[in-house]
Amino acid sequence: MTYCVALKLREGLVLCSDSRTNAGVDHIASFRKLSVFDIPGDRVIFLQCAGNLASTQSVINILRHGIQHEERHILNVSSLFEVAELIGRTIRHVISRDEGQNQGIDFGCNILVSGQIKGDEPSLFHVYPQGNFIEATEDTPYFQIGESKYGKPILDRVITWETPLAKGIQCALISMDSTLRSNLSVGMPLDTISYPANLLDNPGIRRLDENDEHFLKLRTAWSDGLKNLFNELPEFF
């Protein structure tokens, strides 16, 4: 299991992904689920993956191979919509190929595609295992994939199109912390990106581990704040 969240805000994009792919009594594996493709000054594309690890890795590898060997690929199409189309087509190919060889295994995967191409505004898409996709809008400014239910309430109450980028990353991390506390199949370290609109470059992935000072302060402040607020609620009876 995994948890990834992406926000499309007026000021730009906020991305946060965990890195746990397997959890058990004696086995925990971690893989980076956030990938970046970019041509500085022209475009930057972010992919967040959830689902069958073999499928998501195969999709990423095919996309990278396509950049070197295909006439049309994610670094030369004219819009992020076309990027989402290419990724959807690749997902369909990978799942169809693998399901035909192995019965009873779920090869499905979901991918959040976000970024910006010169001349367009930042965009965010959710690409489904069937290869179809939807786009984030001002009314629906965020997407989640993976173990989404624990982190959704804070996003619903806080995030709007107008939320500042700095507050967006705080909210995404609190959403992630709520998921970490409630589901052991989601785990540290976390990969985060804060992308200001029109940067057209990779701002860099910031990786947060269990000892990250800023994340520890944020989760402590949120937890203490909830407890204090709860204690101050008016009595029901």
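In this short talk I will go through one sheet, the helix that lies across it, some salt bridges and a surface patch, and I should say at once that the model is predicted.

Let me begin with the sheet. It is an open sheet of five strands, and if you follow the strands across you meet them in the order S10, S1, S2, S11 and S12, with antiparallel pairing. Strand S10, which covers residues 142–146, and strand S12, which covers residues 206–208, stand at the edges, and each has a single partner strand, so one side of each is left without a neighbour in the sheet. As for the twist, neighbouring strands of this sheet are turned by 15° against each other on average, where direction is ignored.

Now let us walk through the pairings. S1 pairs with S10 in the antiparallel sense over five bridges, and you can find two places in this pairing by eye: Ala-6 stands opposite Phe-143 in S10, while Leu-7 has Tyr-142 in S10 as its bridge partner. On to the next pair, where S1 and S2 are joined in the antiparallel sense over six bridges, and here Val-5 has Cys-16 of S2 as its bridge partner. These two strands, S1 and S2, form a hairpin, with two residues between them. Moving on again, strand S2, residues 12–17, is joined by six bridges to strand S11, residues 190–196, and the two run antiparallel. In that pairing Ser-17 stands opposite Asp-191 in S11, and I would ask you to keep Asp-191 in mind, as I will return to this residue.

How many of the residues of S1 are buried? Seven of the seven are, so S1 is largely enclosed by the rest of the structure. Both faces of the strand are covered, with Tyr-3, Val-5, Leu-7 and Leu-9 buried on one side, and Cys-4, Ala-6 and Lys-8 buried on the other. Strand S10 is mostly covered, since four of its five residues are buried. Then there is helix H4, residues 165–182, which lies across S1, S2, S10, S11 and S12 and runs at about 20° to S2.

I turn next to charged side chains. As a general point, side chains of opposite charge can pair when their charged atoms come close. In this model the count comes to twelve salt bridges, and I will show you three of them.

One of them brings us back to Asp-191, whose side chain meets that of Arg-207 in a salt bridge at 2.7 Å, N to O. This pair links distant parts of the chain, with Asp-191 in strand S11 and Arg-207 in strand S12, 16 residues apart. Is Asp-191 buried or exposed? Asp-191 has 0% relative accessibility and therefore counts as buried, whereas Arg-207 is partly exposed, with a relative accessible area of 39%.

Another salt bridge is formed by the side chains of Glu-147 and Lys-149, again at 2.7 Å, N to O. Here Glu-147 is buried, with a relative accessible area of 10%, and Lys-149 is partly exposed, with a relative accessible area of 49%.

The last one I will show joins the side chains of Lys-217 and Glu-213 at 3.2 Å, N to O. Because they are four residues apart in helix H5, Lys-217 and Glu-213 are separated by about one helical turn. Lys-217, at 52% relative accessibility, counts as exposed, while Glu-213, at 48%, counts as partly exposed. Salt bridges can also share partners, and in this model such sharing joins Arg-32, Asp-191 and Arg-207 into one network.

Let me close with two further places. Helix H5, residues 213–232, is also where you will find Leu-229, and Leu-229, Phe-230 and Leu-233 make a nonpolar surface patch of about 340 Å². Finally, please look at Leu-53, which has its place in helix H1, residues 53–69, and which, at 29% relative accessibility, counts as partly exposed. Leu-53 and Phe-107 are 54 residues apart in sequence, while in space they are 8.4 Å apart, C-alpha to C-alpha.

Terms used: Residues are numbered from 1 along each chain as its sequence is written. This is a predicted model: local features need pLDDT of at least 70, side-chain atom pairs count only at pLDDT 80 or more; totals for chains, interfaces and linings use all residues. Side-chain values use heavy atoms; hydrogens and water are left out. Two strands pair if DSSP finds at least two bridges between them. Axes are lines fitted to C-alpha atoms, for helices over the stretch in contact, and angles run from 0 to 180 degrees between N-to-C directions. Contact means heavy atoms within 4.5 Å. Patches are made of residues with over 30% relative accessible area and no salt bridge: like charges are joined within 9 Å, nonpolar side chains (Val, Leu, Ile, Met, Phe, Trp, Tyr) within 5 Å. Accessible areas come from the Shrake-Rupley method with a 1.4 Å probe; for residues, only the protein chains shown count as cover. A salt bridge is a side-chain nitrogen of Lys or Arg within 4 Å of a carboxyl oxygen of Asp or Glu. Buried means under 20% relative accessible area, exposed over 50%, partly exposed in between (1.4 Å probe, protein chains only).
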